[in-house]
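Trainee: I'd like to go through this one with you and ask how each label is earned. Can we take a look together?

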Amino acid sequence: MRISYEIRDRLMRKSSNTLGLCFQCGSCTATCPLSVTSSAYIRKIIKYAQYGVIPEDEKIIEILWRCTTCGMCVSSCPRGVDIPSIIRGFREILSERRIQDHRITETLWRLYEAGNPWGYGSGEIKKFRLSMKDLFEEKTSHKPDYIIYSCCSTVIDPVSQKMTRSVATLLKRLGFNIKILDPMCCGDVIYEAGEIAFLEEYAQKIFDVISRLDSTLITVSPHTHYMLKRVYPELGVKTNVEIIHYTQILKELIDKNKIKLRSSDRETVVTYHDPCYLARYLNIVEEPRSVIENIPGVKFVEMEHSRENTLCCGAGGGRIFSEETGVRLARYRLKEADDTGANMMTTACQFCVRMFVDEMKIFSSKYINNITDLSELILSRLE
Ligand code: SF4
Ligand code: SF4
């Protein structure tokens, strides 16, 4: 075990100087969702960081890569230690030593070679463009009111595609002129893997695209929103373009009476799952609730863990590209949703919907019979 002040200082900077505040109470380990399925060792990881020691224990290295960066540990830390940033810092150091979760390595190579982390080619992007053609005029002289930035998974994942389509259809039916950008990876997986040099290079690619836009940019993915609003500006990639998450625009349009919603024949009891990045990292918690509460005939019920106290679906921190072993986190969340007695679970993230839809196939639900994204729910109730 080698103590290094250089490593310690590096991790200290990563944590915005909060690393030294840890007094080893263990709350982070107790609340980390990974503790449910294995020994999470989070407190121990922070101790390693305080000594500047790079863990060699395989189990600890595995946890460093299994962390979903959900931020639950930070909510419970009495000293406000920025634990996910320390974990990203360790990932950065491990990546430099070529010690990576092999799925992450493969994902990064696909992103490097194909331009997206899924490995699809230009033919699939073309197909996607054609599938959305009915929603906007590609060659129009009119400046769009809104430009939609959809997740790169939209090209290959029907769940994600449905979300982008719903957001776009909603805006179109309200009379707005929209444009959908060709899906472009926001670089979240590079950031989560701690590949800083690659991220800095990638930041320029993002900047080249968004700096040319002259309309409000609507993000669909909370991860994209976080990258554009927080991570890239810290790397010096700043733009004057207004960037707004789609749940925020929905609330704004409902408040201005531009969206009129109707009731349904069947009783709908809805519970909302806060995506970690939307709730804990970006503090967007009121907007989706306000949208749901404005749907006539809908009863809204909260889960035990909600808002900044939400439970992770298991996909964050680049985990959507990896395997989840043991009992999956989505299972715990579905159980909580079912315990509310709601018949519908809604959320606002393509990865969360994907995780829950997949888990639902093997989960015996008592009440939940529909998992949907908020944009789809609103579209289905538009007058
Ligand atoms: S909860 Fe905070 S203070 Fe307690 S062990 Fe974890 S990082 Fe340290
Ligand atoms: S970010 Fe989430 S998964 Fe990672 S250590 Fe904290 S609570 Fe655990």
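Trainee: What makes strand β1 and β2 a pair?

Mentor: Keep in mind that this is a predicted model. A pair needs at least two bridges, and three bridges join β1 (residues 146–149) to β2, so the two strands qualify as a pair. They run parallel. One of the links puts Y146 opposite its bridge partner I178 in β2.

Trainee: Why is the sheet called open, and which strands stand at the edges?

Mentor: Read off the order of the four strands: β2-β1-β3-β4, with parallel pairing. β2 (178–180) and β4 (243–245) have a single partner strand each, so one side of each is left without a neighbour in the sheet. On average, neighbouring strands are turned by 30° against each other, direction ignored.

Trainee: How do you know that helix α13 packs on the sheet, and which strands does it touch?

Mentor: Contact here means C-beta atoms within 7 Å. Helix α13 (residues 222–234) touches β1, β3 (216–219) and β4, so α13 counts as packed on the sheet. Its direction makes about 155° with that of β4. Helix α14 (residues 246–255) packs there too, touching β3 and β4, and its direction makes about 80° with that of β4.

Trainee: What makes up the contact between domain 2 and domain 3?

Mentor: The domain assignment gives domain 2 as 104–251 and domain 3 as 259–380, and their C-alpha centres lie 22 Å apart. The contact takes 30 residues from domain 2 and 27 residues from domain 3. On the domain 2 side, α10 gives the most, with eight residues. By class, that side has 15 nonpolar, eleven polar and four charged residues.

Trainee: Which residues come nearest to ligand 2, and how many are around it?

Mentor: There are 15 residues around ligand 2, and C32, C67, C70, M72 and C73 come nearest. To be counted, a residue needs its C-beta atom within 6 Å. The largest share of this shell, three residues, comes from α7.

Trainee: What classes of residue does the shell around ligand 2 have?

Mentor: Twelve nonpolar, three polar and no charged residues. Cys and Met count as nonpolar, so the nearest residues to ligand 2 named above fall in that class.

Trainee: And which residues are closest to ligand 1?

Mentor: C22, C25, S27, C28 and C77 are the closest, out of 14 that surround ligand 1. α2 (27–31) and α4 (42–51) are the elements giving two or more residues to that shell. By class, the shell around ligand 1 has nine nonpolar, three polar and two charged residues.

Methods. Residues are numbered from 1 along each chain as its sequence is written. Chains are lettered from A and ligands numbered from 1 in the order in which they are written. This is a predicted model: local features need pLDDT of at least 70, side-chain atom pairs count only at pLDDT 80 or more; totals for chains, interfaces and linings use all residues. Axes are lines fitted to C-alpha atoms, for helices over the stretch in contact, and angles run from 0 to 180 degrees between N-to-C directions. Two residues are in contact if their C-beta atoms, placed from the backbone, lie within 7 Å. Domain bounds come from an automatic or database domain assignment.
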